[in-house]
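Let's take a friendly walk through a protein model, one part at a time. Keep the 3D view open and turn it as you read.

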Amino acid sequence: MASERQVGRQSAEGKRGAPAPALARVGSPLGGILTHAFLLVAGLAVAFPFYWMLVTSLKTPAETTQLPPTLFPQTLTWDNYAEVWRAAPFARYFLNTVFIAGSVTLGVLVTAALAAHAFARMRFFGRQILFIALLATLMIPFEVLLIPDYILITRLHWEDTYLAMIVPWMANVFGIFLLRQFFLGIPGELWEAALLDGCGHLTYLFRVALPLARSGLSVVAIVTFLGSWNALLWPLVVVTRRPEIRPIQLGLATFTTEFGVYFHLVMAAATLTILPVVALFLLAQRQFVESIARSGVKG
Amino acid sequence: MDLLHWLDVPADWRRMPAHRRRRFVRESLGAYGFLLPTLVIIGVFHLFAIFFAVYISLHKWSILKESYVGLANYADLLRDPQFRHSLGVTLWYVVGTVPVGLVLALGVAVLLFRPIRGRGFYRTLFFLPYVTSLVAAAAVWQWMYNPDYGVLNLALTKLGLPPQRWLLEPQGVFQLALAPAGITLPAWAAGPSLALVCIIVMSIWSGLGFNVIVYLAGLGAIPKELQEAARVDGASEWGVFRHITVPLLSPTTFFLVIIATIRAFQAFNQIYVMAPNDPTTQTLTLFIFQTFYASSRAGYGAAAAMALFVILLLLTILQMRLGQERVSYGE
């Protein structure tokens, strides 16, 4: 309503001035130049930290601390990467994270698909109450769970295990709601036809619903994987005595503390850490962007 | 009757034939089979945990439970200067990241929404920091902020400005700005420390892509006719933006303000990497973490976490209220 009123006001103002040619909206040359100038400056500012990371990681130790700093390296060397590899078990961190993030993602896909199907296609006792209870957990900030969950983990004797990093995050309410939305979007006739054919819930879910909800699954998978790959706070708390099971972010954070003054090494380690995710992102950009936009929109 | 309805039992339960009752029970059991993994995990690590957190917060609890202390932890929090200080730091952090981040994102999104060359490239570029881990990004920014060899001080000296200590500077930025004029501000007016502002700038950089993407989606949902009609009527580009685009984007802005505020309150990784031990950058999340992790005070930390929870709940309720009054949905 408000907006329509404002449109009215705009047009009143417009009539007073000279009518603008309709073509103006394609953009005056000046507007185009300004747009590009702004985007270019902003783009350079956004890209610079990546450039600086990469360039530093390829500089010799001496050049890294040379004054004034060199914007373009004089000599390029891969030695820093080899040294990082020797100084800390980054390959192991990497494999740990693939295992942890992979298990969490797979777990979330399975638990969320099952629960979403129950909420989408089944009538059962206590359904609304459960739905509201699950919805309410979305409001709980992670910081509140940190201490009780850590104490739970110690009671289970799961400190310093992969289990501690995987099991608590194998179910995800956002995933359930998103997949439920997708399942509700599948025409009811398909479900009825499946019932007539003597199809059970599991068969329908795996043969009919999941293949049709592929894009929903990829949203859940990407968001979960990214969150798990980039997590620091929880691993920091539950992994203290077994450095060999550290995920990569914890490995990098520890490396940064220990080798903080050797910037060429820290930058090489940072590059190694973000490389897999950046590569995945560049390969599947559209899915990434769509998924993350949706993750905010909460289905 | 009402209870039955709330529990999703069919309304005519009492009059239903036995075989239909059995079918409902069977289907309910089946559904719980589907829900079991979710209910166990969410039930234990989220739902039970939140009640457990309240329980812990009512105890003196370091490594193990020691004694019931009622609300003493909460009373101590109110008196704890470190806690109050961390609240102030958190507020500066939120006020620093959210409005600037959203205005920048809106600007970028509006420009990227135009049919310009290189749109896809820019979109990818702006989004890249968001998929980059905060730990790695924080390490890079820490290096750029390095007072001795960092690239930012190189830029300042090239511009003829005095070099800064960036993340190592605990002085307030207002104080720093006025120091050359010989003015000394009282502590409360000194502003956020330069170290905190450095973290704020990095966080804006990191979150920009997400905000841009959501704004682009919002822009795509605005009917073109309104803007075109206004242009035909002679409205300037700025007028269209100010009086049509911005009001019609208000649901998106509203959504982003809530999300960005909640996230800002929860920021941890970048602060932990860039300035873990500086009191001027110790936000509430860092305070909770340090209380629990470094000082092993689980009870006290849990109370502080509950305080964060209450603040976030109140903020969300407040924003919902305001939103209902102010947001225009264009209908």
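## Where the two chains meet

Chain B puts 103 residues into the contact, and chain A puts in 111. Keep in mind that this is a predicted model. So how do people put a number on an interface? The size of an interface is often given as the accessible area lost when the parts come together. For chain B and chain A, that buried area is about 9500 Å², with 78% of it on carbon and sulfur atoms. On the chain B side, the residues that lose the most area to chain A are Phe34(B), Phe45(B) and Trp143(B), and together they account for 9% of what that side buries.

What kinds of polar links cross over? Between chain B and chain A there are 15 residue pairs in polar contact, counting pairs with both residues at pLDDT 80 or more, while the number of salt bridges between these chains is 0. If you want a landmark on chain B, pick helix α2, residues 18-57, which gives the most to the side touching chain A, with 23 residues. Sorted by class, that side of chain B has 72 nonpolar, 21 polar and 10 charged residues.

## Two domains in chain B

Now zoom in on chain B by itself. Chain B splits into domain 1, covering 2-57, and domain 2, covering 75-326. Their contact uses 5 residues from domain 1 of chain B and 6 residues from domain 2 of chain B. Measuring from C-alpha centre to C-alpha centre, these two domains of chain B are 41 Å apart.

The area buried between domain 1 and domain 2 of chain B is about 380 Å², and carbon and sulfur atoms give 87% of that. Which residues of domain 1 supply 76% of the area it buries against domain 2 of chain B? They are Ile50(B), Ile56(B) and Ser57(B), and no other three residues supply more. Between these domains of chain B you'll find 0 salt bridges and 0 residue pairs in polar contact with both residues at pLDDT 80 or more. The side of domain 1 of chain B that touches domain 2 has 4 nonpolar residues, 1 polar residue and no charged ones.

## Hunting for salt bridges

Searching the whole structure, over all chains, turns up 5 salt bridges. One of them joins the side chains of Arg242(A) and Glu244(A), with N to O at 3.1 Å. Both ends are partly exposed: Arg242(A) has a relative accessible area of 33%, and Glu244(A) has 32%.

Over in chain B, Arg79(B) pairs with Asp76(B), and their closest N and O atoms are 3.0 Å apart. Why are these two about one helical turn from each other? Because Arg79(B) and Asp76(B) sit 3 residues apart in helix α3 (residues 72-79) of chain B. Arg79(B) counts as exposed at 56% relative accessibility, whereas Asp76(B) is partly exposed at 32%. Chain B also has a salt bridge between the side chains of Glu237(B) and Arg231(B), at 2.8 Å from N to O. Glu237(B) counts as partly exposed, with 38% relative accessibility.

## A look at chain A

How many helices and strands does chain A have? The tally is 16 helices and 0 strands. Of the 299 residues in chain A, 51% are buried. Here's another way to look at the fold: among contacts in chain A between residues at least 6 apart in sequence, 72% join residues at least 24 apart.

## A few residues to click on

Start with Asn269(B), found in helix α13 (residues 269-274) of chain B. Is Asn269(B) buried or exposed? Asn269(B) counts as buried because its relative accessibility is 11%, which is under the 20% cut-off. Setting aside neighbours within four places in sequence, Asn269(B) is in contact with Asn230(A), Leu232(A) and Leu233(A) from chain A, plus Leu134(B) and Val135(B) from chain B.

Next, try Asp160(A), which has a positive phi of about 55° although it is not a glycine. Asp160(A) is in the loop between α7 (142-155) and α8 (162-166) of chain A, and is buried with a relative accessible area of 5%. In chain B, Asp8(B) also has a positive phi, near 65°, and is a residue other than glycine. Look for Asp8(B) in the loop between α1 (2-6) and α2 of chain B; with a relative accessible area of 14%, Asp8(B) is buried.

How values were computed
Residues numbered from 1 in each chain as written. Chains lettered and ligands numbered in written order. Predicted model: local features only at pLDDT ≥ 70, side-chain atom pairs only at ≥ 80, totals over all residues. Heavy atoms only, no water. Domains from an automatic or database assignment. Contact = heavy atoms within 4.5 Å. Buried area = accessible area lost by both parts, 1.4 Å probe. Salt bridge = Lys/Arg side-chain N within 4 Å of Asp/Glu carboxyl O. Polar contact = N/O pair within 3.5 Å; in protein donor to acceptor, adjacent residues only side chain to side chain. Nonpolar A, V, L, I, M, F, W, Y, C, P; charged D, E, K, R; others polar. Helix = DSSP H or I, 4+ residues; strand = E, 2+ residues; numbered from the N terminus. Buried < 20%, exposed > 50% of the residue type's maximum accessible area, 1.4 Å probe, protein only.
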